[in-house]
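Here are some short exercises to work through with the structure open beside you. Try each task on your own, then compare your steps with the solution.

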Amino acid sequence: MSVSCGLECVVCLGCSRWAWKRLTYIGAYDSESWPFATAEDFEPVPRICRVVLAVYEEDLTQPRFAPPGGYGVKPNWIVKRVAYEQTDGRCPPYLLYADHDHREIVLAVRGLNLVRESDYKVLLDNRLGRQMFDGGFVHHGLLKAATFILNREAETLRRLLSELQPGFKLVFAGHSLGAGVVALMTVIVVNHRHRFGGIPRNQVRCYAIAPARCMSLNLAVKYADVINSIVLQLALFVVSCLHERYLYTRKCKTQGSKKAVCPGRMYHIVERKFCRCGRFPPEVKTAIPVDGRFEHVVLSCNTTSDHAILWIEREAQKALEMMKERAKPTTPPAKQKIERRQTLEKEHRDALVRAVSLNVPHAFQPAEESTAVVVTSNPTRDDSHSSGRTTWDELVEKLFTRSESGKLILNKEVALTEGQ
């Protein structure tokens, strides 16, 4: 009798401890040790959020949900708008915008539409380890959506880059489901920059706002110099998180290394802390985390609002204004622009080394990252349709060779095997 009572007490204490940790865990804990972001690095985020918000509007000349100060998008600079009726349900709506003020060509993709079945099909078209890509694993449905957009818009992007003055950046931006799509689109474009006039890697940027978990850890760290994920408190794409958590729990013993994570460098906007009521002036921390990359499911009554891009844009703008206010004194900045760029590069190299030291599957050495994988076409083979447009699905498949058993093998792995 006493033994059973003791066991019951142990179980009750264990459950109580688990419940306490779950109910009191807040997003601020994940970035406690991270350094603060600088105004220079964070400056594009609120502006890019407004461009993504503009995709949600049907008519920008008569906006219905404009944030304070408007979208900052000039209708005459919009190159193309694509609605659901034009996507055939294969990707969310998107907008192509040539921002001459900031010298950027922006491709922005909207997030999940809760009443659109096609968006759920894109999200749920996946299982752990199904889609190999560039030495790692990515979300199958999101990769298909990314290649679909590139098949339609790569020619337009090439034309804009060639017509506009040199120095224009190529920026991919998205929210929620769209954030996962643009993250994978960025990976493809970075590996095929020669098809965009040889645009330098540092001129390609991605801003994934409240992103879905869409790639394996080794890829998330490898592309952290071009992909930036922006998270308010701890509001990732909740449906995707729970879906991946369920799959991971079922297959963790055999496929734990294939767990999907958020892409790239993380910018964490923190505005609530433990045992403090209400929202406080936001602060932004940034890092390229290798272990502990937002893997907790946080129970919070603010999850929905924290995931909304309206709130993210508002808090990001507040945080940026506070950063600029603190940097107002006329004394020279602590870190010059070149020094800051060197610091970011060092952080990226350190993250790659950390991934290797932790035995992250397929982790990349810094030397490999400096010479990013570029898939060149065979000059004797036609890589285009008769219309001259690139087939991006074929370019993606060139990274692999299918074995006799039907398994996809990374091409460079095949080359190493043959050389032995």
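**Exercise 1. Confidence**

Task: Find how the pLDDT behaves over residues 369-389 and how many contacts beyond four places in sequence the model has there.

Solution: This is a predicted model, so begin with the confidence values. Over residues 369-389 the pLDDT stays under 50, and the model has 41 contacts beyond four places in sequence for this stretch. Next, look at residues 413-420, where the pLDDT is below 50 and the model has three contacts beyond near neighbours in sequence. Finally, turn to the whole protein chain: its mean pLDDT is 78, and 72% of its residues reach 70 or more.

**Exercise 2. The chain as a whole**

Task: Work out how many helices and strands the protein chain has, and what share of its residues count as buried.

Solution: Count the secondary structure to get 15 helices and 12 strands. Then turn to burial: of the 420 residues, 51% count as buried. The accessible surface comes to about 20,600 Å², and 55% of that belongs to carbon and sulfur atoms. As a last step, take the contacts between residues at least 6 apart in sequence; 72% of these join residues at least 24 apart.

**Exercise 3. The sheet**

Task: Give the strand order of the open sheet of eight strands, and say which strands are at its edges.

Solution: Tracing across the sheet gives the order E1-E2-E3-E6-E7-E8-E9-E10, with mixed pairing. The edge strands are E1 (78-82) and E10, each pairing on one side only. From one strand to the next, the twist averages 15°.

Now take the E1 edge. E1 and E2 (residues 94-99) run antiparallel and are joined by four bridges. Within this pair, valine 82 stands opposite tyrosine 94, and isoleucine 78 has tyrosine 97 as its bridge partner.

At the E10 edge, E9 (residues 265-270) pairs with E10 in the antiparallel sense over five bridges. Here tyrosine 267 stands opposite threonine 286. Four of the five residues of E10 (residues 283-287) are buried, so this strand is largely enclosed by the rest of the structure.

**Exercise 4. Strand E2 and its hairpin**

Task: Decide whether the faces of E2 are covered or open, and describe how E2 connects to E3.

Solution: Start from a general rule: side chains in a regular strand alternate between the two faces of the sheet. On one side of E2 you find Tyr94, Leu96 and Ala98, and on the other Leu95, Tyr97 and Asp99; all are buried, so both faces are covered. E2 has six of its six residues buried, and it is therefore largely enclosed by the rest of the structure.

Now follow the chain onwards. E2 and E3 form a hairpin with four residues between them, and arginine 103 in the turn has a positive phi of about 55°. Six bridges hold the antiparallel pairing of E2 and E3, with leucine 95 opposite alanine 108.

**Exercise 5. Helices on the sheet, and around glycine 174**

Task: Which strands does helix H3 touch, and which residues does glycine 174 touch?

Solution: H3 (residues 44-55) packs on the sheet and touches E1, E2, E3, E6, E7 and E8; its direction makes about 55° with that of E3. Helix H7 (residues 177-191) lies across E3, E6, E7 and E8, running at about 155° to E6.

Glycine 174 is found in E6. Buried means under 20% relative accessible area, and glycine 174 counts as buried because its value is 0%. Leaving out residues up to four places away in sequence, it touches Val52, Val109, Ala179, Val182, Tyr207, Ala208 and Ile209. Between glycine 174 and isoleucine 48 there are 8.9 Å in space, C-alpha to C-alpha, although they are 126 residues apart in sequence.

Next comes serine 176, in the loop between E6 and H7. Its phi is near 60°, a positive value in a residue other than glycine, and it counts as buried at 2% relative accessibility.

**Exercise 6. The faces of helix H5**

Task: Which residues of H5 (residues 117-124) are buried, and which are exposed on the other side?

Solution: Ser118, Asp119, Val122 and Leu123 are buried. Seen down the axis of H5, the buried residues fall within an arc of 140°, so they line one face of the helix. On the other side of H5, Glu117 and Lys121 are exposed.

Methods. Residues are numbered from 1 along each chain as its sequence is written. This is a predicted model: local features need pLDDT of at least 70, side-chain atom pairs count only at pLDDT 80 or more; totals for chains, interfaces and linings use all residues. Side-chain values use heavy atoms; hydrogens and water are left out. Buried means under 20% relative accessible area, exposed over 50%, partly exposed in between (1.4 Å probe, protein chains only). Helices (H or I, at least four residues) and strands (E, at least two) are DSSP runs, numbered from the N terminus. Two strands pair if DSSP finds at least two bridges between them. Axes are lines fitted to C-alpha atoms, for helices over the stretch in contact, and angles run from 0 to 180 degrees between N-to-C directions. Contact means heavy atoms within 4.5 Å. Accessible areas come from the Shrake-Rupley method with a 1.4 Å probe; for residues, only the protein chains shown count as cover. The arc is that of the directions from the helix axis to the C-beta atoms. pLDDT is the predictor's confidence in each residue, from 0 to 100.
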